[in-house]
Amino acid sequence: MHTACESELLQLITTYDEKDFEYLRKCARDTADRIFGNKIYIRGLIEFSSICKNDCYYCGLRRSNGNAVRYRLSKDEILSCCQNGHELGFRTFVLQGGEDGFFTDDVMCGIVSEIKNRFPDCAVTLSLGERSYESYQRLFDSGADRYLLRHETADKKHYSMLHPPEMSLENRMQCLYNLKRIGYQTGAGFMVGSPFQTPEMLVKDLKFIEKLSPEMCGIGPFVPHKDTKFKNENHGDVSLVLMLLSIIRLLKPNILLPATTALGTVDPLGREKGILHGANVVMPNLSPVKHRKDYSLYDNKICTGDETAQCIGCLADRMKKIGFEIVTDRGDYTEK
Ligand code: 5AD
C-alpha cells in the first residue's frame with residue numbers, strides 16, 4: 001500500500017484539471033484490471049427494515065421524518081429474497097436496514113445462520129449500524145462474513161453537523177475497529193459533497209481509510225432528501241466522486257469498491273463511470289419491489305420499480321457495453 005501525503009492530496013482535490021483526472025483514472029483502472037481483470041462482483045442488497053432509531057440529519061429514514069413509510073421484512077421474506085437472488089447468480093447477500101430494535105442479536109443471528117445453512121456457498125454482509133462489540137461478535141459467530149458501516153465523515157466537527165448529539169464519530173470509529181478486530185471483512189465509507197464538507201475533510205477521509213485499511217469502501221455523492229433540513233442543498237459532484245474512487249483504488253489496490261446507487265442516481269451513467277474510474281463492485285437491489293420506494297435514503301433513487309431479474313439484466317448489459325462482465329462469485333477480499 002502507498003501512503004499519501006496530506007498536502008499533496010489536498011492539492012490534487014482542490015486544483016485537479018482534466019489531465020490529472022484522466023491520468024488518475026487510467027492508473028486506477030490499470031490497477032483494478034491487474035487484480036480483478038474485467039470482472040465485476042455483484043452483491044444482492046436486501047433492504048430489510050426502514051425503521052430507524054437514529055436521526056441523522058441527511059437521511060430520509062431519520063426517525064423524526066413522519067412522512068417516511070416504515071416496513072420490516074419477516075425472516076421468511078428475507079429468505080425468499082435470498083432464494084430469488086441465489087437463482088439469479090448472487091453469492092453475496094447484503095442485509096441492510098435502519099437501526100431497528102426489533103432485530104435483536106437473537107433475531108438477527110437466527111436469520112444469518114439460516115441463510116448460511118440454506119446457501120452455504122454464499123457470503124453474508126451485514127449493514128445494521130452501530131452495535132456493541134459482543135453483538136458484532138455474536139453475529140460473526142453465527143456466520144456473518146462482512147460488515148458495512150460508513151464512517152460518513154472523518155472530521156469530528158463535521159460529523160456533529162450531520163448527526164444529532166447522541167451520536168459520535170468516536171463511537172463510529174470504535175465500531176469499525178471492533179469489526180476489523182473480530183475478523184469481518186469491513187467496509188467504511190463516506191458521502192461526497194455532504195453539507196459543510198471541505199476539501200480538508202475529504203483528505204481526512206482518505207487518511208482514515210489508509211489507517212483503518214478496510215476491505216471495502218462505499219463512497220457516493222450526497223443526495224438531498226425532501227423531508228430533511230438539507231432538502232435545498234446540492235448533490236455531490238460526480239467528477240469529485242470519480243476522482244476519489246480512483247485515489248482510493250490507488251491507495252488500497254485490492255479494496256472492494258462499489259460503483260454506488262447514489263452515483264447512478266445523480267448521473268445516468270454514474271455506475272459505468274465509477275467502474276471506469278476504478279470501482280469493481282455493483283450492488284443491485286434484491287428487496288421486494290413493493291417496498292423499494294419506501295427505503296428512501298435520498299430523493300429519486302434509481303431501480304425502485306424493476307424486478308431484480310430486470311435490474312441484473314440491465315446492469316449486465318451496461319457493464320458489457322463498457323467491456324466488463326458480471327460474475328457469479330462470492331468475491332471475497334484477497335491480498336493476492
Ligand atoms: N445522500 C447520499 N447518501 C446517503 N446515505 C444516507 N442518506 C444519504 C443521502 N441523503 C448513505 C449513508 C449511509 C448509507 C446507508 O446511505 O452514507 O451510510
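These legends accompany close-up views of a predicted model.

**View 1. Two residues listed together, E152 and R172.**
In an unreviewed UniProt entry, E152 and R172 are listed under "binding site". The two are spread over 21 residues of sequence, yet they cluster in space, with a largest C-alpha distance of 9.1 Å. Views 2 and 3 take them one by one.

**View 2. E152 and its surroundings.**
Look for E152 in the loop between β5 (146-148) and α6 (156-162). Is E152 buried or exposed? E152 is buried, because 23 other C-beta atoms lie within 10 Å, and a residue counts as buried from 20 upwards. Not counting residues up to four places away in sequence, E152 touches Y159, L162, F190 and M191.

**View 3. R172 in helix α7.**
R172 sits in helix α7, which runs over residues 169-182. R172 also counts as buried, because it has 20 C-beta neighbours inside 10 Å. Which residues is R172 in contact with, leaving aside its neighbours within four places in sequence? They are E130 and H151.

**View 4. S127 in strand β4.**
The unreviewed UniProt entry also places a "binding site" feature at S127. You will find S127 in strand β4, residues 123-127. S127 is partly exposed, because 19 other C-beta atoms lie within 10 Å, while the cut-off for buried is 20. Once neighbours within four places in sequence are left aside, the contacts of S127 are V94, L95, Q96 and L148.

**View 5. Helix α3 from end to end.**
Helix α3 covers residues 75-87, 13 residues in total. How far does α3 reach from its first C-alpha to its last? The span is 19 Å, close to the 18 Å expected at 1.5 Å a residue. After the helix comes G89, with a positive phi near 105 degrees.

**View 6. The two sides of helix α3.**
I78, C81, C82 and G85 are the buried residues of α3. Why do these buried residues line one face of the helix? Seen down the axis of α3, they fall within an arc of 100 degrees, so they line one face. It helps to remember that an α-helix has 3.6 residues a turn, so residues three or four places apart point the same way. Turned away from the buried side is a face of α3 that carries the exposed residues D76 and E87.

**View 7. What the buried residues of α3 pack against.**
The partners of these buried residues include two strands, β2 (44-49) and β3 (92-97). They also pack against two helices, α4 (105-118) and α13 (308-321).

Methods
Residues are numbered from 1 along each chain as its sequence is written. This is a predicted model: local features need pLDDT of at least 70, side-chain atom pairs count only at pLDDT 80 or more; totals for chains, interfaces and linings use all residues. UniProt positions are given in the numbering used here, feature names are shortened, and annotations may be inferred rather than shown by experiment. Helices (H or I, at least four residues) and strands (E, at least two) are DSSP runs, numbered from the N terminus. A residue is buried if 20 or more other C-beta atoms lie within 10 Å of its own, exposed if 12 or fewer, and partly exposed in between; C-beta atoms are placed from the backbone. Two residues are in contact if their C-beta atoms, placed from the backbone, lie within 7 Å. The expected span of a helix is 1.5 Å times one less than its number of residues. The arc is that of the directions from the helix axis to the C-beta atoms.
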